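I opened my notebook to look up how one chain is built and how it meets its partner.

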Amino acid sequence: MDYVLLIEQLLNGFQLGIILFLMAAGLTLVFGIMDLVNLAHGSLFMIGAFVGGTLTLATGSLMLGAVLMVPAMFAIGVLVETIALRTLYRRSHLDQVLATFGLILFFNEATRLIWGPEGLAVPLPDFLEGTVALGAGITYPLYRVVIIVIGILVALGLYLLVARTRFGMLVRAGASNRVMAGALGVNIPVLFSLVFGIGAVLAGLAGLIITPITQAAIGMGEDVLILAFVVIVIGGIGSVRGAFVAALLTGIIDTMGRSFLDVILLLFLSPNAAESAGPALSSMLIYILMAGILFFRPQGLFPPRSATAAP
Amino acid sequence: MRSQLTPAHAVSALLISLCAAVPYLASALDEPFYVIVFARIMVWAIAAISLNLIMGFGGMISFGHAVYLGIGGYAVGILAFHDITSAWIQLPVAMGLCAVVALVFGVICLRTRGIYFIMITLALAQMVFFLSVSAERYGSDDGLNILWRSEFGSGIIDLEDGAVMYYTIFAALLGCLLLQWRIVVSRFGMVLRASQSNDTRVQAVGIPTYRYRLAAFVIAGVMCGLAGFLQANLERFVSPDMMNWHRSGELILMTVLGGTATLFGPLVGAVVFLLLSEILSTITIHWHLVFGPFLILVVLFARGGVMGLLGSRAARD
């Protein structure tokens, strides 16, 4: 096994983890603060890709498209929250699952109607093409480095926002005791809208950021959504820090499993058996990880301290 | 469970008679298409009944229930692929496999509650879904064609005959409705329902609810495996799409649409859901655009589903 490939795959896993974190951060905040199961978070990922992609093609610049996408996604998020989701907070989880499942069907079909069934390809700008040398004979695509850097900056910004600002303080207060925070004069409906808007921007950013690599497609958010579920279950629902650790863990284990599991299995199995068992086992790896973690820690790795206080 | 006669009872009786009469009506109207539509509806109804058992009566919202449809189906498909077509082998393997998988998943899932339970059942089902996608030998994404339906080896039950296939499904549906009723009114069912409304109190009385919930989870898995067995035989085809998470969502949907925790709700829900999608999809290909918001409205305004609207009192109390 050569170490250049190993480090490359490690970086790929890191990059997948960053995408997962952008998704999971919004999900876990919405869960933790509003106690809402939002399946439509995957749709926001898709909408971000399509809206951001359209803006990119219209302005001719990915950077400008991304910048313009932020207010657009924020507006869409606030709109979805006020129109469709606000009435669901007091409902059972079952109702929330069903209603947001309905939203997915709606958004998928609306996207098909607006952008057509083929999806949308967004070209990578010239200055982001190419590779960078990371030393010791390792080269890595520049754009993937950019994704990792952006992800780390966003994670840092989110941490500062939640831990260091007045807004973050209100968010944490709302998460640990919604009723008490409301009684102390926090405008809960506005707070919820803002948090949902931020979640939508993060999901949309994740969607747009991978579009130059994969292209925007209908239903693209659904696989990522389920992985993000795994991430927040592992990390502990409501914990942004847990989401970050679990996202990187999930991304790296998934990627490493896909590239090296068959090689490792060769040590124990015949080449034939290893070749058929490798892909099967590697696609199951993160779910096995999740089951294992839950077996020992049903609340996830970083359970929020207030989790027991929530009704 | 004792209640006065309501419109809900009339509708249930009507639906059962309708299911029994469909092959005759279809040939009288010269619309053979409806036979396959109602056969499909009844298979989905069996799956929805099994989900209702744990979700409606036990409060366990499984978002990965379609996985047992897939496992039951693939048991038929893979055995038939290896030229084992006897139903006496296929059916026990399908149901046994579902029992084992449900037991393992149940042990993991039932340690958790609420949102965690929903997401873990979803994730575990995805795991099996990806397993089936990566099984290149058995067709991966494209699925497996089944050349011969299961053989019972007697002259009477010959599934290759369309009418026999239909009435086998009908009989299975009646059996599952009966079993559901017997379970719900039994002591076992009472513990299950009690643990849904207050688990701590039931435990305090000295009943180990975990075992009851796990047993119900396994029974539901096996019953859904039966539905998978029937679906594979009906369609002569299995594919990973059978356990796509959209199918699990649709199962929840049917159950809620009909009325959770009612005996006939899943059947009513399956009929409404599949007929509605059949009709809407002939009007426009973009029918999901209407169907999605319709769902949200049902959730918001029609609590208790169709059975609730018809005055059934068993709906969520």
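I looked first at burial in chain A, and found that buried residues make up 51% of its 311 residues, where buried means under 20% relative accessible area with a 1.4 Å probe, protein chains only. I note that this is a predicted model, in which local features need pLDDT of at least 70, side-chain atom pairs count only at pLDDT 80 or more, and totals for chains, interfaces and linings use all residues. Residues are numbered from 1 along each chain as its sequence is written, chains are lettered from A and ligands numbered from 1 in written order, and side-chain values use heavy atoms, without hydrogens and water.

I then looked up the overall size: chain A has a radius of gyration of 20 Å, which agrees with the value near 19 Å for a compact globule of 311 residues (taken over C-alpha atoms; the rule is 2.2 Å times the number of residues to the power 0.38).

Next I turned to the partner chain, and saw that 46 residues of chain A are in contact with 41 residues of chain B, contact meaning heavy atoms within 4.5 Å. The area buried between the two chains is about 4,100 Å², and carbon and sulfur atoms give 79% of that area; buried area is the accessible area (1.4 Å probe) that two parts lose on being put together, summed over both. A:Leu94, A:Leu98 and A:Phe101 supply 15% of the area that chain A buries against chain B, more than any other three residues.

Finally I checked for salt bridges between chain A and chain B, and the count is 0 (a side-chain nitrogen of Lys or Arg within 4 Å of a carboxyl oxygen of Asp or Glu).

Key. Buried < 20%, exposed > 50% of the residue type's maximum accessible area, 1.4 Å probe, protein only.
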